[in-house]
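Take a moment with the fold before reading on. We start from the whole chain and end at a single helix.

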Amino acid sequence: MPVVVATVKTKPGRRADVLAVFRRHTPAVHAEPGCLLYAVHSGEDRVTVIENWADQASLDAHSAGPALEAIGAEIAEALAAPVDVAVLQPVPAGEPGKDRLPQT
């Protein structure tokens with residue numbers, strides 16, 4: 001089950017604008033088939049989205065879907081750098097149950 005960590009670095013003063021876009025489109029992402037987790041977090045100069053998808057096909061559909069396209073278009077002018085997207089797989093380590101996201 002793929003886990004995605006996407007980091008959006010925002011221009012000064014634009015973080016709230018980016019968060020508003022994610023708030024607007026996250027319900028549509030949550031409704032996509034295979035979405036197990038789509039959680040938006042923010043820091044001083046960035047917004048980070050942690051995602052978990054049931055399988056690669058679900059992630060591929062999301063990646064080509066209208067919600068992600070809309071998010072990208074609406075945040076483009078607020079970006080300080082290109083979005084950093086990492087697609088990851090869990091690595092068993094340490095105590096079982098504490099070593100991965102609950103859905104993986």
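Among contacts between residues at least 6 apart in sequence, what percentage join residues at least 24 apart? In this predicted model, the figure is 69%.

Now trace the elements. The protein has three helices and four strands. From the N terminus on, they run β-α-β-β-α-α-β. The radius of gyration is 14 Å, close to the 13 Å that the globule rule gives for 104 residues, so the protein is as compact as a globular protein of that length. Along the principal axes, the C-alpha trace spans about 40 × 30 × 20 Å.

Next, the surface and the interior. The accessible surface comes to about 6,100 Å². Carbon and sulfur atoms hold 58% of that area. Buried residues make up 33% of the 104 in the protein.

Helix α2 shows how burial plays out locally. This helix covers residues 56-63. Its buried residues are S58, L59 and H62. Seen down the axis of α2, they fall within an arc of 100°, so they line one face of the helix. An α-helix has 3.6 residues a turn, so residues three or four places apart point the same way. On the other side of α2, A57 and A61 are exposed.

What covers the buried face? The cover over the buried residues of α2 includes the strands β1 (3-9), β2 (35-43), β3 (46-53) and β4 (84-88). Helices α1 (15-30) and α3 (66-75) are also part of that cover.

Finally, look at where α2 begins. D55 caps its N-terminal end. A side-chain oxygen of D55 lies 3.3 Å from the backbone nitrogen of A57.

Note on methods:
Residues are numbered from 1 along each chain as its sequence is written. This is a predicted model: local features need pLDDT of at least 70, side-chain atom pairs count only at pLDDT 80 or more; totals for chains, interfaces and linings use all residues. Side-chain values use heavy atoms; hydrogens and water are left out. Buried means under 20% relative accessible area, exposed over 50%, partly exposed in between (1.4 Å probe, protein chains only). Helices (H or I, at least four residues) and strands (E, at least two) are DSSP runs, numbered from the N terminus. The arc is that of the directions from the helix axis to the C-beta atoms. Contact means heavy atoms within 4.5 Å. A polar contact is a pair of N or O atoms within 3.5 Å; within protein, one must be able to donate a hydrogen and the other to accept it, and residues adjacent in sequence count only if both atoms are side-chain atoms. The radius of gyration is taken over C-alpha atoms; the globule rule is 2.2 Å times the number of residues to the power 0.38. Accessible areas come from the Shrake-Rupley method with a 1.4 Å probe; for residues, only the protein chains shown count as cover.
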